[in-house]
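Student: I am new to this structure and should be grateful for a close look at one part of it. Please choose a part that can be followed from strand to strand, and give me one connected account.

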Amino acid sequence: MDTIKFLGTGGTRTPTQGTTCLHVSEHCVIDAGNLINTFGSTIFTIEHIFLTHSHLDHIIDIPFLADLFVTQKKVSLKIYGLKATLDDLRQCIFNDRIWPNFKEITLIGHTDKTIELIELELELPYHVDGVTLTPFKTDHTEGSCGYIIEKNGSGVLFTADTYRCDRIWELLDERPYLHTLITEVSFPSAFAKLASNSKHLTPSLLADELKKCNRDNFSLYIMHLKALFMGTILEELAVLELLRNGGKVLVDGDQIHYKIP
Ligand SMILES: [Zn+2]
Ligand SMILES: [Zn+2]
């Protein structure tokens, strides 16, 4: 695959928009907010899910995927995340109360368990299908991370959900080959307090954060808008001129090239 496909880009589920889900290589996605409705019969090609954190809009399709895979797959579905994120899956989802414990349920006719949880270490590279994913700490939940997503020496920085976070701007400065930043804006600027409490960004908070960066030669893409505030946020982004170098507010189905064509 030459592109990253955005299967879900919303901060809320609506009839026309799913939540965070990026198809980064043939067998790998980041987050599972919109897998079942977008993959159709090719869903069984998914082998790896890298999580940014455990909020419901990022994990919601994982239980249904385990349910589909248990009778159809030969090897475990591998789910990667920081420790606190995986602990949440163990304690709150696959606990034989909300959903069966598919960590211990064996695939029918095979020896592997249905799912396998794999703990990531921050700032270490992980390789899948020729793509390298490097998790970095964000400020959203205890186990939250973004990813540097690279292929053939070119790549993008994906923050997923975050509040103010210095590491984003350090990484962009340290790695000039990153040509694109994909980050979030969830609320209009008037909701700064709500954004701070829920650890999200507004257009004016993002404008402030951008001042920390010494580069301006990257494209800026934005996602995770709360659907109710779409119009206001788009107006504010336009006034602040944040969508630089061809960037845009992402919608489901958009793609970004690993290498700038
Ligand atoms: Zn979140
Ligand atoms: Zn979210």
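Tutor: Helices and strands are here DSSP runs, a helix having at least four residues and a strand at least two, numbered from the N terminus. On that basis the protein has eight helices and 13 strands. The model is a predicted one. Before the close look, a brief setting may help. The C-alpha atoms fill a box of roughly 60 × 40 × 30 Å along the principal axes. The radius of gyration is 18 Å, which agrees with the value near 18 Å that a compact globule of 261 residues would have. Of these 261 residues, 43% are buried. Among contacts between residues at least 6 apart in sequence, 60% join residues at least 24 apart.

The part I propose to examine is the sheet of seven strands. It is open, its pairing is mixed, and the strands follow the order E6-E5-E4-E3-E2-E1-E13. E6 and E13 stand at the edges; each has a single partner strand, so one side of each is left without a neighbour in the sheet. On average, neighbouring strands are turned by 25° against each other, direction ignored. In general, the strands of a sheet pair through backbone hydrogen bonds, either parallel or antiparallel.

One pairing deserves particular attention. Strand E3 (residues 28-30) pairs with E4 in the parallel sense, over three bridges. Within this pair, valine 29 stands opposite isoleucine 49 in E4. Leaving aside residues up to four places away in sequence, valine 29 touches Cys21, Leu22, His23, Val24, Leu35, Ile46 and Ile49.

Which residues have the most contacts inside the largest nonpolar core? They are Leu22, Val29, Ala32, Ile49 and Phe158, in a core of 61 residues. Helix H3 (residues 62-69) supplies the largest share of this core, namely four residues. Both members of the bridge pair described above, Val29 and Ile49, are thus named among the residues with the most core contacts.

Helix H3 leads back to the sheet. Its buried residues are Ile62, Leu65, Ala66 and Phe69. These cover an arc of only 100° around the axis, which puts them on the same side of H3. What do the buried residues of H3 pack against? Their partners are strand E4 (48-50), helix H2 (56-59), strand E5 (77-81) and strand E6 (115-119).

The sheet itself may now be viewed together with the helices that pack on it. Strand E3 and E4 pair over three bridges. H3 packs on the sheet, where it touches E4, E5 and E6, and its direction makes about 160° with that of E5. Helix H4 (residues 83-93) also packs on the sheet; H4 touches E5 and E6, and its direction makes about 155° with that of E6.

The other edge strand, E13 (255-257), brings in one further detail. Asparagine 245 is found in the loop between helix H8 (230-240) and E13. Although asparagine 245 is not a glycine, it has a positive phi of about 50°. Is this residue buried, exposed or partly exposed? It counts as partly exposed, because it has 14 C-beta neighbours inside 10 Å, whereas 20 or more would make a residue buried and 12 or fewer would make it exposed.

Definitions and conventions
Residues numbered from 1 in each chain as written. Chains lettered and ligands numbered in written order. Predicted model: local features only at pLDDT ≥ 70, side-chain atom pairs only at ≥ 80, totals over all residues. Core = buried A, V, L, I, M, F, W, Y, C linked by C-beta atoms within 7 Å. Contact = placed C-beta atoms within 7 Å. Rg over C-alpha atoms; globule rule 2.2 N^0.38 Å. Arc of directions from axis to C-beta. Pairing = 2+ DSSP bridges. Axes fitted to C-alpha atoms, helices over the stretch in contact; angles between N-to-C directions.
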